Amino acid sequence: MRRIARSVQLLDEVVEATSQPIFAKRFGAPGQPATFDLANDAWRRAVGIEDVQVRGLADTEVFSAEALAAMRPDEEQVARTGSPATFEQHLVLADGEERTYLTTIFPLLGDDAAVAGVGGIATDVTERARAE
């Protein structure tokens, strides 16, 4: 049991140490929003919710309907195919600034081995995108 606890602690340390935004969320029942299971400090800073407990927070409480409409097709593609994919995403952050991210989204499986949600790791490529 100590080995499992240490593995969880190590994974948490790695996720929090990176400057890349990382998130994981579970899909809700049909017609219900997805809820976050995990988001690191970099992700919370990017979306402007640094002092908020993310676990259990609905994605509709974090992002505007417009932002969700832009992100959902990418998440739905990953859920449908069951395969990770990388997408260029344009988001307006909490401070009003538009940023461009390359986000790798991957499926998260439930107890029944079906896709139950998605996780993602984002890299801010705004400066590169502006230069192009």
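The protein has 4 helices and 5 strands. Along the sequence, these elements follow the pattern α-β-β-α-α-β-β-β-α. The structure is a predicted model. This briefing moves from the overall form to the paired strands, and then to individual residues.

**Overall form**

- The C-alpha trace spans about 50 × 35 × 25 Å along the principal axes of the protein.
- The radius of gyration is 15 Å, which agrees with the value near 14 Å that a compact globule of 132 residues would have.
- Of the 132 residues, 36% count as buried.
- Among contacts with a separation of 6 or more, 36% are between residues that lie 24 or more positions apart in the sequence.

**Surface and charge**

- The protein exposes an area of about 8,200 Å², and carbon and sulfur atoms supply 52% of this area.
- There are 13 positive and 22 negative charges in the protein, and the mean positions of these two groups are 7 Å apart.

**Strands β3, β4 and β5**

- Strand β3, covering residues 85-92, pairs with strand β4, covering residues 98-109. The pairing is antiparallel and comprises 8 bridges.
- Within this pairing, H90 stands opposite T100 of β4.
- The hairpin of β3 and β4 has 5 residues between its strands, and G96 in this hairpin takes a positive phi near 90°.
- Strand β4 is also joined to strand β5, residues 115-124, by 9 bridges, and these two strands run antiparallel.
- The bridge partner of T103 in β5 is A122.
- The side chains of β3 alternate between two faces. A85, F87, Q89 and L91 point to one face and are buried, whereas T86, E88, H90 and V92 point to the other face and are not buried.

**A113, in the turn between β4 and β5**

- A113 is found in the loop between β4 and β5, and this hairpin has 5 residues between its strands.
- Phi of A113 is near 70°, a positive value in a residue other than glycine. Most residues other than glycine have a negative phi.
- A113 counts as exposed because its relative accessibility is 55%, and the cut-off for an exposed residue is over 50%.

**E75, in helix α3**

- E75 lies in helix α3, which covers residues 65-81.
- The relative accessibility of E75 is 6%, so this residue counts as buried; the cut-off for burial is under 20%.
- Apart from its neighbours within four places in sequence, E75 is in contact with K25, F27, I105 and V118.

**I22, in strand β1**

- I22 is placed in strand β1, which covers residues 22-26.
- I22 has a relative accessibility of 14% and therefore counts as buried.
- Residues up to four places away in sequence are not counted in its contacts, and I22 then touches V15, L38, A39, N40, W43, G120 and I121.
- From C-alpha to C-alpha, I22 and V47 are 12 Å apart in space, and they are 25 residues apart in sequence.

**N40, in the loop between β2 and α2**

- N40 lies in the loop between β2, residues 35-39, and α2, residues 41-47.
- N40 counts as buried because its relative accessibility is 0%.
- N40 and E16 are 24 residues apart in sequence, while their C-alpha atoms are 5.3 Å apart in space.
- With neighbours within four places in sequence left aside, N40 is in contact with V15, E16, T18, Q20, P21 and I22.
- V15 appears among the contacts of N40 and also among those of I22.

Key:
Residues are numbered from 1 along each chain as its sequence is written. This is a predicted model: local features need pLDDT of at least 70, side-chain atom pairs count only at pLDDT 80 or more; totals for chains, interfaces and linings use all residues. Side-chain values use heavy atoms; hydrogens and water are left out. The radius of gyration is taken over C-alpha atoms; the globule rule is 2.2 Å times the number of residues to the power 0.38. Buried means under 20% relative accessible area, exposed over 50%, partly exposed in between (1.4 Å probe, protein chains only). Contact means heavy atoms within 4.5 Å. Accessible areas come from the Shrake-Rupley method with a 1.4 Å probe; for residues, only the protein chains shown count as cover. Lys and Arg count as positive and Asp and Glu as negative; His and the chain ends are not counted. The place of a charge is taken as NZ of Lys, CZ of Arg, CG of Asp or CD of Glu. Two strands pair if DSSP finds at least two bridges between them.
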